[in-house]
Amino acid sequence: MQSSNMINYDYSVAKLFTIATIVFGIVGMTIGVLIAFQMAYPELNNLAGEYGTFGRLRPLHTDTVIFGFILSGVWATWYYIGQRVLKVSMAESPFLMILGKLHFWLYILGVVAVVVTLFMGITTSKEYAEFEWPIDIAIVIVWVIWGMSIFGLIGIRREKTLYISVWYYIATFLGVAMLYLFNNMEVPTYLVTGLGDWWHSVSMYAGTNDAMVQWWYGHNAVAFVFTVPIIAMIYYFLPKESGQPIFSYKLSLLSFWGLMFVYLWAGGHHLLYSTVPDWVQTMGSIFSVVLILPSWGSAINMLLTMKGEWQQLKENPLIKFMVLASTFYMFSTLEGPIQAIKSVNALAHFTDWIPGHVHDGTLGWVGFMIIAALLHMAPRMYKREIYSKKLLELQFWLQTTGIVLYFSSMWIAGITQGMMWRATDQYGNLAYSFIDTVTVLHPYYTIRGVGGLFYLVGFFMFAYNFYKTMTASKVIGEEPQSTSPMAA
Amino acid sequence: MEMETIRELQAYGYAFASVFFALILYGYVYHLYTSKKKGGTDYEKYSNMALNDGLDDTPIEKIEPLQEEKQMRSNK
Ligand code: HEM
């Protein structure tokens, strides 16, 4: 190509988002470990007055890891993968460069606003949608800018067909846009009635309808933030790092459409045995079970991509992270449908089994995939080899142990809790009071805290390794075709 | 409308939707797996987009940039 001899891929925006991913990961996970220990040792609620209580910190944890850590990771990888599979550099369009930087800085402003308001206790009280209306508007603007970036880059591409990862990024963009808009339809009370603070709002939906819209959103936040863009990453990084083409590109397309169709109907499983219509609950259960198919379609496709190349699992820690990520993905997408069966959910709902399930997915699947992705990008972005393979191996085992401690303790805690809540004596009186369950669960909360701490320490090791890679590692001459170079 | 009628309509709708979506699904699978044989798209070649993704690698299916764009790009 005559033009491209002088141009290179431009990673300046990807680098910005990479740093943000690591910083928000540290903040979000540190808060997570703190609130885990608060469950075990309630005195820890009193460290910083109202600002240090579980109630204030829990949404800060969830929102920082989801919208800080994960979304930054999604964008870091988009601004990396997008150029490469479309074979066009952002440097070829000054407009896209400006847009990318605007995207980053407006997003950072939005995050600051979120952190400040949540600490102050300003919230709409809708899970994963706690931000008040002025921030919602800012988020919509950031999102539109990202959309312009995606379609702008696609507009000037050299590669005609869009690689499967690009489909997944587009789906993330469209899915979240639709969900976010509908779930955050809200009435600013001051502007409409003159009552309340200027930033205060109430949902436009009431009662059961609000619950249904909320969980249509909440469940699909799982779909379009925890699943779809992470699949986009693994479909690029695993083949690229291992040098193996995707086992079956056709299967990747089929799973894509399957996932898109099925996910949107499954949200009802968050509202089983509640006031929503019975058919909505049944539909939620059934679609949840069907959801195993497209989920495992992608995951198995990834594992089979390693066919005949399994020695790489031993030699390359990045492959380890990715193979384990897709294994944890299979695990969560088997566990989820089981929990969505009505009779199982009657036991599991409101118990610690649910956060157990959540963290298989988020720590094992999402976290590991983002870590592997950033490490794969590092030698290509900074032209240096990865600083330490040993440290990476250690991190892998520490974090894996942390995840196992986390979910195993939460399974036991959750099922114990569910059984104790429903146990009755021969006259039909409840056998236990709430505090009985708390006493029994105490050791498991401690184990969960320790598991979380392992993962957090591993993340600090990752951050250190990454920082050293950026600044002090050996410079490499040529971009590696597949396996990322790393110093022992 | 009577509850009875609503239930009946639901049942017809449900039966229709099940058959309809099953047909679309299997139709798509059939298309994917026979397309190459029929001289259509070979989907597997797209895997190489991730493996050969340098700016100088040849695209799997190239887009010809418009004439003036080409001019602009080569002037850089
Ligand atoms: C086939 C796929 C999946 C199904 C059918 C499924 C199903 C479920 C069910 C039934 C619940 C519990 C609802 C309740 O009783 O409160 C739940 C909660 C949750 N799941 Fe999954 N799950 C799946 C995959 C995943 C994955 C891969 C992740 C993350 C990466 C994830 C993250 C979550 C989260 C964050 C919650 C907690 C929601 C809350 O705040 O209550 N799920 N899921």
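Two chains are in contact here when their heavy atoms lie within 4.5 Å. With that in mind, welcome to this structure, which is a predicted model. Let us look at how chain A meets chain B, and then turn to the ligand.

## Where the two chains meet

How many residues does each chain bring to the contact? Chain A takes part with 41 residues and chain B with 28 residues. Together they bury an area of about 3,300 Å², and carbon and sulfur atoms give 59% of it. On the chain A side, the residues that lose the most area to chain B are A:K87, A:K250 and A:L254, which together make up 20% of what that side buries.

There are charged and polar links across this interface too. Three salt bridges are counted between chain A and chain B. One of these pairs the side chains of A:K240 and B:D53, with 2.8 Å from N to O. For polar contacts, the count across the interface is 15 residue pairs, with both residues at pLDDT 80 or more.

Which helices of chain A help form the side that touches chain B? At least two residues each come from α2 (54-86), α7 and α8 (249-263). Of these, α8(A) supplies the largest share, seven residues. Sorted by class, this side of chain A holds 21 nonpolar, eleven polar and nine charged residues.

## Around the ligand

Now for the ligand, which has 24 residues around it. The closest are A:E127, A:Y128, A:N345, A:H349 and A:H357. Three side chains have polar atoms at these distances from atoms of the ligand:

| Residue | Ligand atom | Distance |
|---|---|---|
| A:Y128 | oxygen | 2.6 Å |
| A:N345 | oxygen | 2.9 Å |
| A:H357 | nitrogen | 2.9 Å |

Elements of chain A that give two or more residues to this shell are α7 (207-242), α12 (317-340) and α14 (353-382). The most comes from α14(A), with seven residues. By class, the shell divides into eleven nonpolar residues, twelve polar ones and one charged.

What does the protein offer to the iron atom of the ligand? There is a single donor from the protein, the NE2 atom of A:H357, at 2.1 Å. A:H357 sits in helix α14 of chain A, the helix that gives the most to the shell around the ligand.

One helix is worth finding in both views. In chain A, α7 gives at least two residues to the side that touches chain B, and α7 also gives two or more residues to the shell around the ligand.

Terms used
Residues numbered from 1 in each chain as written. Chains lettered and ligands numbered in written order. Predicted model: local features only at pLDDT ≥ 70, side-chain atom pairs only at ≥ 80, totals over all residues. Heavy atoms only, no water. Near = heavy atom within 4 Å. Polar contact = N/O pair within 3.5 Å; in protein donor to acceptor, adjacent residues only side chain to side chain. Helix = DSSP H or I, 4+ residues; strand = E, 2+ residues; numbered from the N terminus. Nonpolar A, V, L, I, M, F, W, Y, C, P; charged D, E, K, R; others polar. Donors = N, O, S within 2.8 Å, 3.2 Å for Na, K, Ca; no water. Buried area = accessible area lost by both parts, 1.4 Å probe. Salt bridge = Lys/Arg side-chain N within 4 Å of Asp/Glu carboxyl O.
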